[in-house]
Amino acid sequence: MPHNAIQHEYAPLPQRVRAGLEAGFAKLSKVDEFMDELPQTSPRPLDNDGDEERLGDVTVTHHFADAPGDGETVRWHYVEAGPSDGPVLVFLHGVPDSWWQWHYALEAFGSEYRCLAIDLKGYGQSEKGTGDFRQEGVAVQLEALLEQLQIERFSLITHDRGTPVGDHLVALMGDRVLRYGRGQQHLWHLSPDLHPQQAMFTSPNAPSMLDDADRFVATAYLLLTERRVKVSDLARTEGISTAVPRYFNSSSFRQEWIERRTRLIPRWKCPVLLLQGADDPLQPREFYTDPDVLAQLPQGSGVHLFDSGHFWPFEVPEEMITVLRDFLK
């Protein structure tokens with residue numbers, strides 16, 4: 001064995017989880033039926049810096065910023081809402097979404113907090129060029145963006161594949177992160193049966209498969225949700241055909257898992273709330289309620305299981321808002 005090898009054992013899957021995986025994959029026979037329900041809409045026009053959009057009683061403003069990264073600059077798109085002097089909330093979305101994944105949260109918190117929902121590099125209207133798509137590299141570039149925006153201290157809310165970037169960002173920025181709402185991602189336990197998408201997204205066919213964005217979105221939401229979501233919530237995905245393979249070819253689930261256990265979690269300083277859908281077939285709730293797992297996290301940390309599948313920002317938005325409001329107090 002190489003001298004730098006680290007041995008970590010995968011976690012066994014509960015029998016309930018194996019049965020849930022079979023039931024989840026059985027849903028995929030209905031992809032075509034679900035796609036017929038999606039509205040046939042033209043691509044949304046690109047936003048300009050300063051464009052405003054109304055979300056309920058809250059107005060969000062679209063911004064673009066060039067911040068250091070990839071040797072020169074990375075162009076970021078984000079939306080901002082709320083008072084400029086309010087406590088800062090930063091949101092990072094997951095696959096296959098964009099900043100839009102947080103539109104219910106922005107509507108709820110945009111009057112009290114200074115909210116920034118960022119399109120991850122490669123997604124939405126953020127930078128599409130080649131460059132550093134390692135989770136740690138993107139976190140360093142996000143730190144540069146926050147520095148440029150003069151964000152001193154903030155709370156961070158993440159979902160899905162925005163969370164590995166968030167893990168690095170929280171470790172990197174230390175006491176400047178006040179609260180970490182860590183959403184829907186593997187943490188301390190892992191099994192190779194729980195990340196079948198890794199082989200799919202690193203295959204030579206990944207870009208062409210992901211280019212059919214409607215089918216990919218329908219597949220992901222059919223497999224991973226327990227509650228129906230509004231079709232309007234699925235209307236804003238962009239960049240996944242290039243971004244997803246770039247991220248997945250830059251790391252692996254096992255690599256991320258080992259990094260968390262050996263060097264990231266020990267560097268987290270703020271309370272962490274694990275936000276998980278209780279019925280996500282690929283992320284067993286038993287892995288997050290294990291007392292030994294919670295003991296690894298900073299004081300004041302905890303777990304909340306949503307009455308939903310994977311996509312709780314859209315499945316149970318009211319529950320999400322209540323939970324986040326209590327956590328942020």
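Helix axes that meet at under 35 degrees count as roughly parallel, over 145 as roughly antiparallel, 65 to 115 as roughly perpendicular, and the rest as oblique. With that in hand, here is a look at how helix α5 packs with α10 and with α4. The model is predicted, so local features need pLDDT of at least 70 and side-chain atom pairs count only at pLDDT 80 or more, while totals for chains, interfaces and linings use all residues. Residues are numbered from 1 along each chain as its sequence is written, and side-chain values use heavy atoms, leaving out hydrogens and water.

**α5 with α10**
- Helix α5 spans residues 162-173 and α10 spans residues 253-264 (helices are DSSP runs of H or I, at least four residues, numbered from the N terminus); their axes come within 11 Å and cross at roughly 15°.
- Axes here are lines fitted to C-alpha atoms over the stretch in contact, with angles from 0 to 180 degrees between N-to-C directions.
- α5 and α10 are therefore roughly parallel to each other.
- Contact (heavy atoms within 4.5 Å) links Pro-164, Asp-167, His-168 and Ala-171 of α5 to Glu-256, Glu-259, Arg-260, Arg-263 and Leu-264 of α10.
- Those residues divide into three nonpolar, one polar and five charged.

**α4 with α5**
- Helix α4 covers residues 135-148, and its axis comes within 8 Å of that of α5, crossing at roughly 60°.
- The pair α4 and α5 is therefore oblique.
- On the α4 side the contact includes Val-138, Leu-142 and Leu-146, and on the α5 side Val-165, Leu-169 and Met-173 are among the partners.

Methods
Helices (H or I, at least four residues) and strands (E, at least two) are DSSP runs, numbered from the N terminus. Ala, Val, Leu, Ile, Met, Phe, Trp, Tyr, Cys and Pro count as nonpolar, Asp, Glu, Lys and Arg as charged, and the others, Gly among them, as polar.
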